[in-house]
There are 2 protein chains.
Amino acid sequence: MTKIVTAAVLVIGDEILSGRTKDRNIGYIAAYLANIGVDLREARVVPDVEAEIVAALDALRTRYAYVFTTGGIGPTHDDITADAVAKAFGVGIDEDPRILAMMRRRYPGGELTPARRRMARVPQGAELIDNPVSWAPGFRIGNVIVMAGVPSIMQAMLDSAAKGLETGVKVVVETIEAGAIPEGRYGDALGGIAAAHGETMIGSYPSFAEGSFRNQIVVRGRDAEKVAAARRAIEAMLAEIRGGARPA
Amino acid sequence: MTKIVTAAVLVIGDEILSGRTKDRNIGYIAAYLANIGVDLREARVVPDVEAEIVAALDALRTRYAYVFTTGGIGPTHDDITADAVAKAFGVGIDEDPRILAMMRRRYPGGELTPARRRMARVPQGAELIDNPVSWAPGFRIGNVIVMAGVPSIMQAMLDSAAKGLETGVKVVVETIEAGAIPEGRYGDALGGIAAAHGETMIGSYPSFAEGSFRNQIVVRGRDAEKVAAARRAIEAMLAEIRGGARPA
């Protein structure tokens, strides 16, 4: 049987919703998970408000195999992700002795400020997620993986966390260039092909630049043979249109 | 009284969740709405699955003043947004005579394919949203604004839709450069300032490049005087740290 492992991303941060910062983590995690055989099914962006974070965590963690959060684990007052995760799981939160030991080596004497100690707070029972970029770890509790919001650090944490993930059968993807053929010319035929190849997912994606569309058709599925069969049917259909054999 | 108008974004598309396409619409809409005095409070990305779209629409449209959707309004079989919106509102969906008339001018004779006619389908009672880029309109029904997924087209539709929106008092934003001062050095003092300036929202945002952090502190609020007061307190605090007057 085909093993499917699902996931959601939860981006936490006022800075994304205010437009100050453009999120780059959803797209990165989406491509990363596809590549290791985990299906991203949903993403959400919520503000730095504990009740919102808890509600989104509970909606997502009960529904998907994994939830990846980004943002809100730094040393300032607006970093409230760890507390929200502890609340969602109904566990306590305290300074982790492993992180405190790292911090004492890094910040001798008075440099270990209360703000910095905030970064040692993780929910009870969490495993730490290694951060080779800027040392302060992320953590995992249950099926929730808590990572930094800064993209380079998030990416390093995702590499660390990925080692411990269950993965499923990878989705096979084939992309067919439809070029300048308008979607409206091949849409009907493509719908027929999609209906006839039900175990694949077929999408048509226009991009628009300099006043004209370019289209790509993408076939996805877990059975490479079935994806290839759909791809051949699409290529034959496009060849007919290009050859003028199929009316507009 | 301060008028607050809230909104959510719903991005619809397998291509975002599979990692094929990087979403650029959430960030654009976030900045656009902030600029006209609408508060973006949440964003979600869902797949091309009707039940998922309907559930997300219902969760968001009952909670926020406006919901802006992107994606799924083209001519191919995977474009199911209009049907999902009709279902969410419990109304019928049919070809709109205004759009059909546009189409008949644009596609004479056999060029008006059934696929193209899909783009004429809008929920009963919807207003059309002008699309100066590629003609096929978006639509608005109730508080839901349905736009294309291609960024340049979405942006043109958002301009069209914005004319009909209620807006609130714009958030005033001031950004203070903390430069290379680590968050862990100013986090405690900043938390105190945030607590003392409760009618502002204060965030600290690191970016990380070439092995070091640069930090910015952002103050947001609807009262320019209060935002300025918080900004001055933060600047004084950073000056103390820079001058060595405040211990690490």
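The turns below ask how chains A and B touch and how two helices of chain B pack.

User: How many residues does each chain give to the contact?

Analyst: This is a predicted model, in which local features need pLDDT of at least 70 and side-chain atom pairs count only at pLDDT 80 or more, while totals for chains, interfaces and linings use all residues. Residues are numbered from 1 along each chain as its sequence is written, and chains are lettered from A and ligands numbered from 1 in the order in which they are written. Two residues are in contact if their C-beta atoms, placed from the backbone, lie within 7 Å. The contact takes from chain A 60 residues and from chain B 59 residues.

User: Which residue of chain B is the bridge partner of Val45(A)?

Analyst: Strands are DSSP runs of E with at least two residues, and helices are runs of H or I with at least four, numbered from the N terminus. Strand 2 of chain A and strand 2 (residues 39-46) of chain B run antiparallel and are joined by three bridges, where pairing requires at least two bridges found by DSSP. Within strand 2 of chain B, the partner of Val45(A) is Ala43(B).

User: Are helix 8 and helix 9 of chain B roughly parallel or roughly antiparallel to each other?

Analyst: Axes are lines fitted to C-alpha atoms over the stretch in contact, with angles from 0 to 180 degrees between N-to-C directions. The axes of helix 8 (residues 183-196) and helix 9 (residues 224-242) of chain B come within 10 Å and cross at roughly 155°. Angles under 35 degrees count as roughly parallel, over 145 as roughly antiparallel, 65 to 115 as roughly perpendicular and the rest as oblique. Helix 8 and helix 9 of chain B are therefore roughly antiparallel.

User: How many nonpolar residues are in the contact of helix 8 with helix 9 of chain B?

Analyst: In helix 8 of chain B, residues including Tyr186(B) and Leu190(B) meet residues of helix 9 of chain B, among them Ile234(B) and Met237(B). Ala, Val, Leu, Ile, Met, Phe, Trp, Tyr, Cys and Pro count as nonpolar, Asp, Glu, Lys and Arg as charged, and the others, Gly among them, as polar. This contact has one charged residue, no polar ones, and a nonpolar count of ten.
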